[in-house]
Every structure is written in structure tokens, then in C-alpha cells.
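Colleague: I have a model open and would like to read its helix packing and backbone angles. Where do we begin?

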Amino acid sequence: MTIVDERDLRQQLDGVLDAMMPPDAPVKAAARKGKLIRAGRSLGIVAGLAVVAGIGVGMPRLLNQPAREVSHARPTVMVEQGCGTAGGRPAAEFAVGGCAWLKP
Amino acid sequence: MDSRSEAEFAEFMRGRWPALVRLGYGLTGDERLAESLARAALAKVHASWPRVLRAGDPDVYLRRIILNASLGRVRGRRVRERRPGDEPEPETAPPARVDDDRPALVAALMRLPVGQRSVVLLRYWMDMTEAQVAAVLGCSVGSVRSQASRALATLRVGEDVAEEVLL
């Protein structure tokens with residue numbers, strides 16, 4: 001193969017590529033695949049809209065949920081006398097409303 | 001699409017098909033792959049036919065699709081083949097096999113990076129101007145000029161190397 005200049009390259013490309021004889025154009029197959037691509041796109045748009053609608057409906061419900069009622073009952077506080085701070089142990093244990101605050 | 005649009009598309013496809021397959025062959029060096037790329041490109045055009053017609057130049061759109069598909073194929077192969085820590089490879093086709101029965105020019109084109117190959121085919125085979133090539137490839141005219149120059153230099157050097165090997 002010898003390529004001298006641009007003109008030569010043009011001629012060689014013409015010679016090689018124009019000599020190739022492709023089969024008949026598969027019009028029906030391309031159209032069928034094109035329709036599938038379009039259907040896929042439409043499906044994607046519908047799915048996207050459904051997600052957006054879902055967020056639009058669900059988000060306000062989540063945000064506007066009423067707060068849980070706070071109990072105004074006085075908690076019972078129990079204090080157990082410990083055995084001092086010897087050995088790094090706490091001096092006392094507390095329980096508020098039956099839940100321990102500190103465990104040795 | 002209505003029947004008139006379908007008829008327009010069929011006429012467009014029959015008119016572009018041979019050149020599109022040849023372009024695909026120049027890009028891939030493989031006739032069957034070229035037909036497959038051309039078929040996929042035309043299917044994409046069919047899917048957006050009314051929009052493509054409104055945009056004004058279906059040929060530019062069509063060429064861009066097939067060039068991008070070719071570039072994507074090379075990149076996809078590169079990503080699949082590369083392992084972590086490997087050096088990146090140039091966007092070229094695998095080296096020609098010993099039993100390669102492709103024409104010498106096609107084998108030489110396959111040794112070019114896909115960007116340069118695209119420029120060579122659009123500029124020297126499709127006779128497009130540098131500005132038209134830049135529009136199809138989405139790059140500057142300067143980039144087209146430099147890629148064409150590098151490709152020509154590589155093709156000349158490749159020829160010298162081939163002759164040295166034969167001697």
C-alpha cells in the first residue's frame with residue numbers, strides 16, 4: 001500500500017469502500033426496532049412521571065404527620081445510693097420512668 | 001408515525017444504506033459489524049424521525065450516531081479489557097491478524113485511533129469540508145485539521161514500516 005498525498009488517499013478509499021456491495025436495506029427491521037425504541041422511551045417517561053407523582057403525593061403525607069403526643073405525666077425518679085467512686089464505679093444509679101440512665 | 005412519514009423514512013433509508021454500511025466498514029473493518037451498526041443507527045433515526053426531520057439535517061444526525069456507536073464500541077471494549085492498574089490503551093482496533101484478508105488500506109485504517117479514522121473517512125472519502133466534519137464530530141475545525149494531518153502521517157509511516165518489514 002502506498003499513500004502519497006490526500007488525493008491519493010481519496011482515490012484509494014473510493015476504490016476500497018465503493019467496491020463493497022452491501023445487501024438490500026432492511027427497512028422493515030429498522031422500522032420495527034425504531035418502534036421498540038420509541039415504546040421503551042414512552043415507558044420510561046410514564047415510569048418517571050409515576051415516580052414524580054408518587055413523591056408528590058407521598059412526601060406531604062410524610063412531612064405533615066402529626067407529632068406523637070408527649071406524656072405530661074411526671075416521671076418517677078429513683079436514686080440508688082452507690083458505694084462511692086472507689087474502683088471507678090459510679091456513685092449512684094438513676095432510673096427515670098422505669099428506665100435506667102446509667103449502668104455500672 | 002403516519003404512513004407518509006413511514007414512506008419518507010423508507011426512502012431515506014434506502015438512499016443512505018449503502019454509504020452508511022461502507023462508512024461502518026471503514027470504521028470497524030468488519031462487514032457484518034458495519035451492517036449491524038448501520039441498522040442500529042437507522043433504527044434510532046426511525047425512533048426520532050419527526051424530530052430529526054424538524055432539526056433539518058438527518059444526514060448529520062445519522063453519521064453522528066454511527067460514529068458515536070463506533071467510538072462507544074471501542075471504549076466499551078477498552079473498559080472490559082482493562083484491569084485495575086493497567087496503562088490506558090489508544091482507541092485503536094486490535095492489530096491485524098496474520099491471516100487478515102482485509103484490503104491493506106482498511107487494515108491500515110484500523111491501526112489509527114478511532115477519532116483520526118473518523119476524520120479520514122468523513123474528510124477524504126465522504127468529501128466533507130473541515131467545518132462539516134467538525135460539526136458531525138462535535139469538535140473544532142483546528143482539531144479536525146490536526147487529526148487529519150496526524151492520520152496522514154501515520155498512514156505514510158505505517159507504509160514505510162510495512163515496506164521495511166518486507167525487505
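Modeller: This is a predicted model. Begin with one pair of helices: the axes of helix α1 (residues 3–28) of chain B and helix α6 (residues 114–125) of chain B come within 9 Å and cross at roughly 140 degrees.

Colleague: What word describes how α1(B) lies to α6(B)?

Modeller: In general, two packed helices are described by the angle between their axes and the distance between the axes. Here the crossing angle of roughly 140 degrees makes α1(B) oblique to α6(B), because angles count as roughly antiparallel over 145. The crossing of α1(B) past α6(B) is right-handed.

Colleague: Which residues of α1(B) and α6(B) meet?

Modeller: From α1(B), B:Leu23, B:Gly26 and B:Leu27 meet B:Arg117, B:Ser118, B:Leu121 and B:Trp125 of α6(B). By class, the residues of this contact are four nonpolar, two polar and one charged.

Colleague: What is the sign of phi at B:Asp127?

Modeller: Most residues other than glycine have a negative phi. B:Asp127 is not a glycine, yet its phi is positive, about 55 degrees. This residue sits in the loop between α6 and α7 (130–137) of chain B.

Colleague: Is B:Asp127 buried or exposed?

Modeller: B:Asp127 counts as exposed because it has 10 C-beta neighbours inside 10 Å, and the cut-off for exposed is 12 or fewer.

Colleague: How many residues of chain A are in contact with chain B?

Modeller: On chain A, 23 residues are in contact with 29 residues of chain B. The elements of chain A giving two or more residues to that side are α1 (6–17) and α2 (27–63). The residues on the chain A side comprise 15 nonpolar, three polar and five charged.

Notes
Residues numbered from 1 in each chain as written. Chains lettered and ligands numbered in written order. Predicted model: local features only at pLDDT ≥ 70, side-chain atom pairs only at ≥ 80, totals over all residues. Contact = placed C-beta atoms within 7 Å. Helix = DSSP H or I, 4+ residues; strand = E, 2+ residues; numbered from the N terminus. Nonpolar A, V, L, I, M, F, W, Y, C, P; charged D, E, K, R; others polar. Axes fitted to C-alpha atoms, helices over the stretch in contact; angles between N-to-C directions. Parallel < 35°, antiparallel > 145°, perpendicular 65-115°, else oblique. Left-handed = near helix turned anticlockwise from the far one by under 90°. Buried ≥ 20, exposed ≤ 12 C-beta atoms within 10 Å, placed from the backbone.
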